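Work through the exercises below with the model open. Each one gives a task and then a solution in steps.

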Amino acid sequence: MRVANLVRNLNKEAPWILVLPPWGRLYHWKSRHLHQIGIPWSLFFDLPSLRRFVPVIEFEEFLKLLPEPVIDELYYLQNYAEGWTDFEDKMDVRDCIENPYRRGDESGLWEGWFFGYGDHVAARKVTCISLLGHSALLQPFLLHNTTARTVMVDRAETVLHDRFGDKWYWECRRSMRFSRALRDLGDEFRREFLDSTDEKDNTVLEDDWRKMERKHGEAKGGPYVAAHLRRADFLYARPEDVPSIENTAKQLKEVMDKQKVDTVFIASDAPKEEIDKLKELLKDYKVFRYEPSKDVMQTYKDGGVAIIDQWICAHAKYFIGTRESTFSFRIQDEREILGFDPDTTYNRICGDKDKECEQPARWTIVYNSIE
């Protein structure tokens, strides 16, 4: 999203196209038997929808446009070697602290990982840039310091959103619709097991996100509670936010009873034995999880299955997530776009020792006008 908005601003002065780097194995993709490198964005996202925000092409398409698979200039973003004490936006061309690229002995080109295409792709020039701050810092540099036709910015995840949560943030986020195939799989599960359809839940999508306007409370959601229970790494990274299975069951019972439903959908990275224990503790309720077929797993990988989980959670009458989990954040984004009441969206499971358990839905938001 940060780079897409950078490209949007670049296009005000010159024509730029955002090349979508292939997805590779992420930390949470645990299925080692699957080949999960070089995955195109179209497997996960609706590219025509993305193109309504900025021009984008897949990496494979990009390579076909080149006379040879060589990127003209590569800028590798790094920290400042001396560190920093006071935060201020700054950017400087510096010597490389650690350069992951190497110059080929015969070709003289810079070789590296290149999203798993390293045996076939290289760069003519590599420059290291120390950068601290927002993505807008790159805009004048890319407009005035390079005449290259193809430019790659590596480690762009280190830059910040120019204005997190503003109009353009949400325009970009709304354009990021999941692929039709993954949405269909999620909708099929909702319809078959959760008595949930877009027509009944008032969550019908317009074909063009730019024409879709929803107000808080317009979406009703399906007759179930959805819960994202982040456990695994959070058990030791954030133990204060992860309750015992017994406490988790107790909280889910309270939520279902309050919402007057007897069904809960669980998205979780918990091991099977914890899920089995949770189901036993909730034996008087209907507990569902999405369990992909071999064909679905082989085709859409761990990332696609995670999206299906998010999609099902996004359509529940009520959602409760895990504090500071990116997975929960993205479900909340989807519910915001669909028009759910914040009270049914911004809720979190409470840790065993968290007596106050502050709920984001109870926060008071103060809006300041920024010219």
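The exercises concern a predicted model, and they go from a helix pair to a loop residue, a helix and a buried serine.

**Exercise 1.** Classify the packing of helix 11 against helix 12 by angle, and describe the crossing and the contact.

Solution.
1. Locate the elements: helix 11 covers residues 294-314 and helix 12 covers residues 326-338.
2. Take the geometry: the two helices pack at an angle of about 50°, and their axes are 9 Å apart.
3. Apply the cut-offs: angles under 35 degrees count as roughly parallel and 65 to 115 as roughly perpendicular. Helix 11 is therefore oblique to helix 12.
4. Add the handedness: the crossing of helix 11 past helix 12 is right-handed.
5. List the residues that meet: helix 11 brings A306, D309, Q310, W311, C313 and A314, while helix 12 brings F327, R330, I331, E334, R335 and L338.
6. Sort this contact by class: seven residues are nonpolar, four are charged and one is polar.

**Exercise 2.** Is D162 buried, partly exposed or exposed, and what does its side chain reach?

Solution.
1. Place the residue: D162 sits in the loop that runs between strand 8 (151-154) and helix 5 (167-175).
2. Read its accessibility: the relative accessible area of D162 is 30%. Buried means under 20% and exposed means over 50%, so D162 is partly exposed.
3. Find its contacts, leaving aside neighbours within four places in sequence: these are N9, H134, S135 and A136.
4. Look at A136: it is 26 residues from D162 along the chain, and the C-alpha atoms of the two are separated by 6.3 Å.
5. Follow the side chain: that of D162 reaches the backbone nitrogen of A136 at 2.9 Å.

**Exercise 3.** Which residue caps the N-terminal end of helix 5, and against which helices do the buried residues of helix 5 pack?

Solution.
1. Identify the cap: D166 caps this end, with a side-chain oxygen 3.2 Å from the backbone nitrogen of W168.
2. List the buried residues of helix 5: Y169, E171, C172, R173, R174 and S175.
3. Find their partners: these buried residues pack against helix 1 (2-10), helix 2 (47-51) and helix 12.

**Exercise 4.** Is S49 buried or exposed, and which residues does S49 contact?

Solution.
1. Place the residue: S49 belongs to helix 2.
2. Read its accessibility: the relative value is 1%. The limit for buried is under 20%, so S49 counts as buried.
3. List its contacts, apart from neighbours within four places in sequence: R174, S175, R177 and W209.
4. Compare with helix 5: R174 and S175 are among the buried residues of that helix.

Key:
Residues numbered from 1 in each chain as written. Predicted model: local features only at pLDDT ≥ 70, side-chain atom pairs only at ≥ 80, totals over all residues. Heavy atoms only, no water. Axes fitted to C-alpha atoms, helices over the stretch in contact; angles between N-to-C directions. Helix = DSSP H or I, 4+ residues; strand = E, 2+ residues; numbered from the N terminus. Parallel < 35°, antiparallel > 145°, perpendicular 65-115°, else oblique. Left-handed = near helix turned anticlockwise from the far one by under 90°. Contact = heavy atoms within 4.5 Å. Nonpolar A, V, L, I, M, F, W, Y, C, P; charged D, E, K, R; others polar. Buried < 20%, exposed > 50% of the residue type's maximum accessible area, 1.4 Å probe, protein only. Polar contact = N/O pair within 3.5 Å; in protein donor to acceptor, adjacent residues only side chain to side chain.
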